[in-house]
Amino acid sequence: MEITPYIETKRLAIKLKPSAEKMIKRGHPWVFSDSIAKQNVTGSIGDLAIIYEQKKNTILAIGLFDPDSPIRIKIIQFKKKAQIDFNWFKQRIQEAYTIRKPLLEETDTNSYRLLFGENDHMPGFIADIYDTVLVVKLYSSIWLPYLNDILECLLQQTACITIILRLSRSLQSSAKLYDLKDGQVIYGKLVNEVVIFKEHGILFSANVIRGHKTGYFLDHRYNRKRVGELANKKRVLDVFSYAGGFSVHALTGGAKEVTSVDISKQALETAKENVKLNPHSGKHTVIIGDAFDELQNLITRNIKYDIVIIDPPSFAKRALEIEKAKNSYARLAKLGAQLLTTNGILIIASCSSRIIAKDFFSIIEKNIEATGRSFRILEKTAHDIDHPISFPEGAYLKCGYYQL
């Protein structure tokens, strides 16, 4: 497969400052520019950076060099030397597939994340599968010299017949992409940019060309299924609903009424289409508007629900936003608690990696109590099986179930 022309890379010899060396020995996948103590030659995008231990001169790790990023080296191999070639990528992808195998063998699911960036030792590289469509999203151009081999390995490992390339915003403006475009079909044919797939037997759609990320958010799969199990004969409010993942599972699980709230009219249109894909008898309504405002409106009208799901976008993409994010979670917990019936369930999540799970749950619990409600913790969850975690910053998703 020839998606990019041949790109020559070279090998760099790197030594790190002591503090960074300690981090790499612990398995951390990032080397920042100011952590490099010695480098033998100037590096280019995708060059192999061989990191040597300061004292023993043995290999600590191998990474890919990125002169355009403050994370100057992204680690792909720890502790031992390796030939980074077709066979290396083939083995890496086989190992990733093995982790996901139980999901595919034991459930009625044909959508999953096969490569999860750093957590699968492929930093900045995402590979999501929707039925027979593989969507690759790149967050760094370090992968361009190796892209042809990786795509060939992905095709060999999966039953996919189409590959779509998605690019991060920063990459879309890069001049180093060899005419590659976001949303480009780089292998096979795509009959419709909206792809239908299954998640625990429930049908959904993903716009693999224009949708957020790769077209859908696969990480909440377990939580959506759990909502379906809890929703029978219940009134459900799905806040920040996006394409209606929780709403659809609730309706197919027997909910008598589901309301989806999102600021995006387009997302809610997708939610309505996803609802239509599956048999259900409950009523589905949508509210277009700011979540904070609409929750307050529902409180003012004294409307109550048996289940309230609040799954906001990341509130803390930068360190400067952490305190503001904590305040937003506190507000949402208070608003959600006021909308629940006695013994109603608040399900609230965070996808902000900068807010650690312990702090998030503490904020939620403190602010439920601030409304005068007592609660029982039913469950706390993290990532599904296809989103394995290999380093602290890789863990972003946490979700709490509170019966009030």
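1. In this predicted model, the axes of helices α5 and α6 come within 7 Å and cross at roughly 35°, and the crossing in which α5 passes α6 is right-handed. On the α5 side the meeting residues are Asn-223, Arg-224, Lys-225, Val-227 and Gly-228, and on the α6 side they are Gly-245, Phe-246, His-249 and Ala-250. Sorted by class, the residues of this contact divide into three nonpolar, four polar and two charged.

2. His-249, which belongs to helix α6 (residues 245–252), deserves a separate remark. Its relative accessible area is 4%, and because buried residues are those under 20%, His-249 counts as buried. When neighbours within four places in sequence are left aside, the contacts of His-249 include Arg-224, Lys-225 and Gly-228, each of which is also listed on the α5 side of the helix contact. The remaining partners of His-249 are Glu-199, His-200, Ile-202 and Phe-204.

3. Helix α5 (residues 221–230) also lies across strands β17, β18 (340–350), β19 and β20 (398–403), and runs at about 15° to β20. Helix α9 (residues 322–337) likewise lies across β17 and β18, but its direction is at about 155° to that of β18.

4. The strands just named belong to an open sheet of seven strands with mixed pairing, whose order is β16-β15-β14-β17-β18-β20-β19. Strands β16 (283–288) and β19 (376–381) stand at its edges, and since each has a single partner strand, one side of each is left without a neighbour in the sheet. On average, and with direction ignored, neighbouring strands of this sheet are turned by 15° against each other.

5. Within that sheet, strand β14 (residues 235–239) pairs with strand β17 (residues 305–310) in the parallel sense, over four bridges. For a point of reference in this pairing, Asp-238 has Ile-309 of β17 as its bridge partner.

6. A separate point concerns strand β4 (residues 48–52), of whose five residues four are buried, so that the strand is largely enclosed by the rest of the structure. With strand β1 (residues 11–16), β4 pairs in the parallel sense over five bridges, and Leu-12 stands opposite Ala-49 of β4. With strand β5 (residues 59–65), β4 pairs in the antiparallel sense, again over five bridges, and here Ile-50 stands opposite Ile-62 of β5.

7. The link between β4 and β5 is a hairpin with six residues between the two strands, and Asn-57, located in the turn, has a positive phi of about 65°. A reader checking backbone geometry may wish to look at Asn-57 in the turn.

8. A further helix pair is formed by α2 (residues 86–106) and α3 (residues 147–157), whose axes come within 9 Å and cross at roughly 40°; the two helices are therefore oblique to each other, and α2 passes α3 in a right-handed crossing. From α2 the contact draws on Phe-86, Phe-89, Lys-90, Ile-93, Gln-94 and Tyr-97, while from α3 it draws on Asp-149, Ile-150, Glu-152, Cys-153, Leu-154, Gln-156 and Gln-157. By class, seven of the residues in this contact are nonpolar, three are polar and three are charged.

Note on methods
Residues are numbered from 1 along each chain as its sequence is written. This is a predicted model: local features need pLDDT of at least 70, side-chain atom pairs count only at pLDDT 80 or more; totals for chains, interfaces and linings use all residues. Side-chain values use heavy atoms; hydrogens and water are left out. Buried means under 20% relative accessible area, exposed over 50%, partly exposed in between (1.4 Å probe, protein chains only). Two strands pair if DSSP finds at least two bridges between them. Axes are lines fitted to C-alpha atoms, for helices over the stretch in contact, and angles run from 0 to 180 degrees between N-to-C directions. Angles under 35 degrees count as roughly parallel, over 145 as roughly antiparallel, 65 to 115 as roughly perpendicular and the rest as oblique. A crossing is left-handed if the near helix is turned anticlockwise from the far one by less than a right angle, and right-handed if clockwise. Contact means heavy atoms within 4.5 Å. Ala, Val, Leu, Ile, Met, Phe, Trp, Tyr, Cys and Pro count as nonpolar, Asp, Glu, Lys and Arg as charged, and the others, Gly among them, as polar.
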